[in-house]
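Subject: Structure handover and notes

Dear colleague,

Please find the structure you asked about below. My notes on it follow, and I would be glad if you read them with the coordinates open.

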Amino acid sequence: MRLTKSICPECKRIIEASIFEENGKIVIGKECPDHGNFRDVYWSDAELYRKFERYSYTGTGISNFQSSSFLNCPFGCGICQDHESGTLLANIDITNRCNLRCPVCFANARVKGVVFEPSFEEIRKMMETLRNEKPVPCSAIQFSGGEPTVRDDLPEIIEMAQKLGFAQIQVASNGIRLANSPEYCKKLKDTTLRTIYLAFDGVTPDPYIETRGFNALPLKKKAIENCRICGPESIVLVPTLAKGVNDFQIGGIIRYAAENLDIVKGVNFQPIAFTGRIDKSQREQKRITIPDVIKLAEEQTNGEIPRNAWYPVSFVVPISRFLSAVRKVPIPELTVHPHCGAGTYIFFEEGHFIPITNFLDVEGFTEFLTEIIPEMNGKVSRVLTLSKVLRQVPRYIDEKKGPKSINVVQMILGVLKKGDMENTSRFHRNTLFIGTMHFQDLYNIDLERVKKCGVHYAIPDGRIIPFCTYNIFHRDSVESKFSVPYVQESKPEQE
Ligand code: SF4
Ligand code: SF4
């Protein structure tokens with residue numbers, strides 16, 4: 001059992017909570033003196049929970065923090081001095097306007113009656129704050145919304161991000177404008193934008209009809225086709241998973257991504273988080289946790305992507321530390337809480353999935369790297385130590401179980417030797433990343449977990465706020481402070 005703090009879903013005060021095992025599941029239980037007991041499934045598989053727990057790291061946080069929390073988490077976000085991870089991926093909502101009218105969306109300008117759209121200069125300041133983070137400046141940024149492509153100055157915003165030194169720039173989009181205009185795709189590519197995070201809820205019309213109100217699948221496919229021809233060069237599919245709507249399409253979505261591996265480089269499943277009040281039986285019925293996604297992926301790929309192929313996001317921390325020692329520069333470490341997200345890499349050959357764990361002893365290999373890091377940083381010649389590491393790599397690889405068309409040993413050696421963009425890109429060209437992140441809500445929020453969050457929002461008043469706390473506690477006040485009244489726009493683009 002682990003003790004933590006959480007929030008009363010009714011009065012939103014901070015309350016004690018415990019996380020414990022019950023019938024093979026991990027449950028969060030908490031009690032508010034005024035509103036009683038609350039329980040929710042935290043992780044639906046206790047065994048996987050324990051496996052992931054082994055990969056918990058404490059990051060350095062941000063030394064030039066903006067606020068002191070005084071134990072007031074999650075209301076003291078800023079980033080505050082207690083926060084344990086730097087910004088690994090920054091989000092900037094550049095508008096809450098959208099070119100769709102999804103029946104499930106309560107966040108867009110039309111429904112809220114206000115427009116939240118930071119000016120170009122405000123966005124520059126937010127990005128400067130991110131780049132000034134110490135000791136490691138934020139290097140990855142995502143522009144989101146609403147729908148960011150409704151802003152005509154998006155290309156200029158991306159160029160500004162590049163000038164400010166962001167190495168990884170991505171745009172989260174519903175794909176409508178990309179589908180309607182190959183010229184616009186080209187324009188985005190010319191900014192050096194490399195990645196689109198494309199909302200993609202399934203491989204049949206039904207999930208779209210249910211959540212978006214119309215069959216958006218042809219538009220999604222057209223957006224992918226336009227990017228294939230005109231750029232940007234990579235797409236990550238982002239399915240929002242809801243029980244009974246598309247949770248039975250996880251395998252189909254992974255297969256679709258693998259069949260389009262020339263352009264689709266990843267799938268990031270996001271189980272729907274509950275907003276507002278929802279009663280216990282509804283929660284029990286609708287809750288999808290990370291182990292559920294993993295189990296469904298196994299079932300729906302006929303066991304080709306088994307549950308033991310998945311590891312927490314933080315699993316790669318020793319690899320970052322090793323590459324940092326090789327290159328003698330600080331590299332962001334993915335020190336997010338081990339129960340926030342999971343992922344794996346897969347190869348696809350002759351219609352079959354080959355997870356990286358089939359042929360690489362990933363645990364043995366990262367343990368070896370962890371042991372060697374002090375030597376890399378110590379007095380022994382770095383070059384000698386690196387060649388010792390490279391000689392050892394084949395020990396952890398069973399080539400017979402890997403893809404036949406790729407020399408996996410050379411590919412992994414390339415990443416380790418240099419860790420540069422070219423070698424990393426070669427790795428990414430051949431693999432599909434599949435991941436899942438389960439955002440928290442008022443019922444399952446664990447303040448120990450949120451303290452390690454590395455996905456942050458930058459907001460116009462200079463604060464940096466962790467993603468889950470922003471969406472649950474801060475978004476409304478920020479948006480109302482920086483919004484102007486909404487004026488009716490032209491018809492949405494899908495009509
Ligand atoms: S979520 Fe992080 S930044 Fe916000 S108050 Fe808690 S520790 Fe501080
Ligand atoms: S966004 Fe939420 S789920 Fe993701 S790392 Fe942060 S706290 Fe965890």
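Two strands are said to pair here if DSSP finds at least two bridges between them, and the strands themselves are DSSP runs of at least two E residues, numbered from the N terminus. The model is a predicted one, and everything below should be read with that in mind.

With that meaning of pairing, S17 and strand S18 (residues 464-466) are partners in the antiparallel sense, with three bridges between them, and within this pair alanine 458 is set opposite isoleucine 464 of S18. The hairpin that S17 and S18 form has five residues between its strands, and in that hairpin glycine 462 adopts a positive phi near 95°.

S17 (residues 455-458) has a further partner, since strand S5 (residues 89-93) runs parallel to S17 and is joined to it by three bridges; here histidine 456 of S17 is the bridge partner of alanine 90. Are the residues on the two faces of strand S17 buried or exposed? Val455 and Tyr457 on one side, and His456 and Ala458 on the other, are all buried, which leaves both faces of the strand covered. In a regular strand, side chains alternate between the two faces of the sheet.

Val455 also appears beside one of the ligands. Ligand 2 is surrounded by 15 residues, of which Cys340, Cys453, Val455, Phe467 and Cys468 are the closest, and the elements that contribute two or more residues to this shell are helix H17 (447-450) and helix H18 (467-481). Sorted by class, the shell around ligand 2 holds 10 nonpolar, four polar and one charged residues.

Around ligand 1 there are 14 residues, and those that come nearest are Cys73, Gly76, Cys77, Cys80 and His83; by class, that shell is made up of seven nonpolar, five polar and two charged residues. Cysteine 73 deserves a second look, as the peptide bond that joins it to proline 74 is cis, with omega at about 15°. Proline 74 itself is placed in the loop between helix H1 (46-53) and S5. Another cis peptide bond joins glycine 231 and proline 232, with omega about -10°, and proline 232 is found in the loop that lies between helix H8 (217-230) and strand S10 (234-238).

At the start of the chain, strand S1 (residues 2-7) and S2 pair in the antiparallel sense over six bridges, with isoleucine 14 in S2 as the bridge partner of isoleucine 7. Six residues lie between the strands of this S1 and S2 hairpin, where lysine 12 takes a positive phi near 60°. S2 then pairs with S3, again antiparallel and over six bridges, and in this pair serine 18 stands opposite glycine 29 of S3. The hairpin of S2 and S3 has two residues between its strands, and asparagine 23 takes a positive phi near 50° there. Asparagine 23 counts as exposed because it has 6 C-beta neighbours inside 10 Å, where the cut-off for exposed is 12 or fewer.

Glutamate 350 likewise has a positive phi, of about 50°, although it is not a glycine, and it sits in the loop between strand S14 (341-349) and S15. Why does glutamate 350 count as exposed? Glutamate 350 has 8 C-beta neighbours inside 10 Å, and therefore counts as exposed.

Further along, aspartate 361 occupies the loop between strand S15 (352-355) and helix H13 (362-377). Because aspartate 361 has 14 C-beta neighbours inside 10 Å, it counts as partly exposed, the class that lies between the cut-off of 12 or fewer for exposed and that of 20 or more for buried. Its C-alpha atom is separated by 5.2 Å from that of tyrosine 396, although the two residues are 35 residues apart along the chain.

The last item is a helix pair. The axes of helix H12 (residues 317-327) and H13 come within 9 Å of each other and cross at roughly 30°, so H12 is roughly parallel to H13. The crossing of H12 and H13 is left-handed.

With best regards

Note on methods:
Residues numbered from 1 in each chain as written. Chains lettered and ligands numbered in written order. Predicted model: local features only at pLDDT ≥ 70, side-chain atom pairs only at ≥ 80, totals over all residues. Helix = DSSP H or I, 4+ residues; strand = E, 2+ residues; numbered from the N terminus. Near = placed C-beta within 6 Å. Nonpolar A, V, L, I, M, F, W, Y, C, P; charged D, E, K, R; others polar. Axes fitted to C-alpha atoms, helices over the stretch in contact; angles between N-to-C directions. Parallel < 35°, antiparallel > 145°, perpendicular 65-115°, else oblique. Left-handed = near helix turned anticlockwise from the far one by under 90°.
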